[in-house]
Amino acid sequence: NINVIQRRWEDVDPLELGRCDVVTAAYCFQMDDIESALAKMCSVAASALFLLHFVDHDLQRPLREIAGDFEAGPDYLCLYNVLYEMGHRPDLEILCRDYEIPLDFQLQVLGYSHDLSPEHRARLREHLEAQGKVCRRDGSLWVRRRYRDALISIHFGGNGARQGGSR
C-alpha cells in the first residue's frame, strides 16, 4: 500500500498525486520556495504529514572551524513556523540518536557532504581522536556520534479537516 515518489516536491503536480493517507518528507528541504512546497504536501495529505529534519550534531562546531559554514537549508524551526503561519498547529518532537559508525566511512560521508579536502578530513580525524570519540571494534576504528533531529507532524481528519491543535 506504499507508493514512493522520488522526485522533488517542486516537480510534482498535486493532481498527479491525488490524496495520500500519509505524506512524509525527510532531509529534503533545500528549496527556493519552502512555503509552496509545504502547502503542496499538506494539500495531498489526508491523515498525516510527517517531516524529519536535522537539528544539530556533535561535529557542527569542528566542521565549521575546519571547513567553514555549510548551507543546510532552512532550520527546522523555520519549517515549523511556516506551517504555523499557514494555520496549522504542528507537533514537534526532538529525537536523539547516539550511534557508532566506521571512522573511514564517516570521514568519506562528511568529506562528500561538506566538500572537505583530504587535509580537512585529516584534521577532523585528529579532532575526533583528541576528543576520545574514536574507539576500536573488531580490529577497525569506529567513531561515536550524536545527532538530533526534529519530527514535525500534523494530523488531519479523514475528510481533510485538521484535528488536535490545528485551527
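The following paragraphs lead the reader through this structure, from its largest pocket to its helices, cysteines, aromatic rings and loops. The model is a predicted one.

The largest pocket offers a convenient point of entry. Its volume is about 760 Å³. Of the 23 residues that line this pocket, Asn 3, Val 4, Ile 5, Trp 9 and Thr 24 are the closest to its centre. Two elements, helix 1 (14-17) and strand 1 (20-26), each give two or more residues to the lining. Strand 1 gives the most, with 7 residues. Sorted by class, the lining of the pocket comprises 13 nonpolar, 5 polar and 5 charged residues.

Helix 2 comes next. This helix covers residues 34-44, and its buried residues are Ile 34, Ala 37, Leu 38, Lys 40, Met 41, Cys 42 and Val 44. These buried residues pack against helix 1, strand 1, strand 2 (45-57), helix 4 (76-85) and strand 5 (140-155). Ala 37 may serve as an example from helix 2. With a relative accessible area of 3%, Ala 37 falls under the 20% limit and is therefore buried. When neighbours within four places in sequence are left aside, Ala 37 is in contact with Trp 9 and Met 31. Trp 9 has already appeared among the residues closest to the centre of the largest pocket. The C-alpha atoms of Ala 37 and Arg 8 lie 9.2 Å apart in space, although the two residues are separated by 29 residues in sequence.

Cys 42, another buried residue of helix 2, leads to the matter of disulfides. A disulfide is a covalent bond between the sulfur atoms of two cysteines. The structure holds 0 disulfides. What keeps Cys 42 from such a bond? The closest cysteine sulfur, in Cys 20, is 12 Å from the sulfur of Cys 42, which is too far for a bond, because a disulfide requires the two sulfur atoms to be within 2.5 Å. Cys 42 is buried, at a relative accessible area of 3%.

Cys 135 gives a second case. It lies in strand 4, residues 134-137. Its sulfur is 19 Å from the closest cysteine sulfur, that of Cys 96, and this too is too far for a bond. Cys 135 is buried, with a relative accessible area of 12%. Apart from neighbours within four places in sequence, Cys 135 is in contact with Glu 100, Ser 140, Leu 141, Trp 142 and Arg 144. Ala 48, by contrast, is 87 residues from Cys 135 in sequence and 41 Å from it in space, C-alpha to C-alpha.

The aromatic rings provide another set of relationships. A search of the whole structure finds 3 aromatic pairs. In one of them, the rings of Phe 54 and Tyr 147 have centres 6.1 Å apart and planes at 70°, so the pair is edge-to-face. Because Phe 54 lies in strand 2 and Tyr 147 in strand 5, this pair ties together parts that are 93 residues apart in sequence. Tyr 147 is buried, with a relative accessible area of 17%. Another pair joins Tyr 80 and Tyr 84, whose ring centres are 6.4 Å apart and whose planes stand at 20°, so the pair is stacked. Both residues belong to helix 4, where they are 4 residues apart, about one turn of the helix. An α-helix has 3.6 residues a turn, so residues three or four places apart point the same way. Tyr 84 is partly exposed, with a relative accessible area of 33%. Finally, Phe 54, Tyr 99 and Tyr 147 form one aromatic cluster.

Two loop residues complete the account. Most residues other than glycine have a negative phi. Tyr 27, which is not a glycine, nevertheless has a positive phi of about 55°. Its place is in the loop between strand 1 and helix 2, and at 40% relative accessibility Tyr 27 counts as partly exposed. Asp 115 likewise is not a glycine and has a positive phi of about 55°. Asp 115 lies in the loop between helix 5 (103-113) and helix 6 (118-130). Is Asp 115 buried or exposed? At 69% relative accessibility, Asp 115 is above the 50% limit and therefore counts as exposed.

Key
Residues numbered from 1 in each chain as written. Predicted model: local features only at pLDDT ≥ 70, side-chain atom pairs only at ≥ 80, totals over all residues. Heavy atoms only, no water. 1 Å grid on protein atoms, 1.4 Å probe; cavity = no way out; pocket = protein on both sides within 12 Å on 5 of 7 lines; lining within 4 Å. Points joined across faces, edges and corners; volume = space filled by probe spheres on them. Nonpolar A, V, L, I, M, F, W, Y, C, P; charged D, E, K, R; others polar. Buried < 20%, exposed > 50% of the residue type's maximum accessible area, 1.4 Å probe, protein only. Contact = heavy atoms within 4.5 Å. Phe/Tyr/Trp six-rings, centres within 6.5 Å; stacked < 30°, edge-to-face > 60°.
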